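Visitor: Could you walk me through this one? I'd like to start with a single residue and work outwards.

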Amino acid sequence: MSFLLPKLTSKKEVDEAIKSTAEKVLVLRFGRDEDPVCLQLDDILSKTSSDLSKMAAIYLVDVDQTPVYTHYFDISYIPSTVFFFNGQHMKVDYG
């Protein structure tokens, strides 16, 4: 289902999404298109994206195409989800 959500394929595109998404939560799903767990998460995100469109923007980011952010956010689990609001990284602790 990853074809239903917009993809960011470079560091420049990720930077632009972070800077330009205002007054909404920016959801970045870091993963791989062919990974079965990522596909499950993409299905859930795509089903909820229209309901959340007024409060959140959801994008898919391939970890292999954006190694700078993969390293910066210390992404070690695939898929990983990173949240921003007004250009600020929101640290979400759960467990």
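Guide: Sure. One cut-off first: buried means under 20% relative accessible area, and exposed means over 50%. Keep in mind that this is a predicted model.

Visitor: Is Thr66 buried or exposed?
Guide: Thr66 sits in a loop, the one between β3 (56–62) and α3 (67–72). Its relative accessible area comes out at 2%. The cut-off for buried is under 20%, so Thr66 counts as buried.

Visitor: Which residue has its backbone oxygen 3.0 Å from a polar atom of the Thr66 side chain?
Guide: Leave aside the contacts further off in sequence: those are Ser10, Lys11, Val14, Phe30 and Val61. The backbone oxygen at 3.0 Å from the polar side-chain atom of Thr66 belongs to Asp62.

Visitor: And what stands opposite Asp62 of β3?
Guide: Look at β2, which runs parallel to β3 and is joined to it by seven bridges. β2 covers residues 25–31. The residue opposite Asp62 is Gly31.

Visitor: What is the handedness of the β-α-β unit that β2 and β3 make with α2?
Guide: The two strands are parallel. Helix α2, residues 36–52, completes the unit with them. Its handedness is right-handed.

Visitor: Back to Phe30, then: which residue is its bridge partner in β4?
Guide: Phe30 is one of the residues Thr66 touches. β2 also pairs with β4 (residues 80–85), in the antiparallel sense and over six bridges. In β4, the partner of Phe30 is Ser80.

Visitor: How many of the seven residues of β2 are buried?
Guide: β2 pairs with β3 and with β4. The strand is mostly covered, and its buried residues number six.

How values were computed. Residues numbered from 1 in each chain as written. Predicted model: local features only at pLDDT ≥ 70, side-chain atom pairs only at ≥ 80, totals over all residues. Heavy atoms only, no water. Helix = DSSP H or I, 4+ residues; strand = E, 2+ residues; numbered from the N terminus. Buried < 20%, exposed > 50% of the residue type's maximum accessible area, 1.4 Å probe, protein only. Polar contact = N/O pair within 3.5 Å; in protein donor to acceptor, adjacent residues only side chain to side chain. Contact = heavy atoms within 4.5 Å. Pairing = 2+ DSSP bridges. Right-handed = clockwise from strand over helix to strand, strands pointing away. Lists of a residue's contacts leave out its neighbours within four places in sequence.
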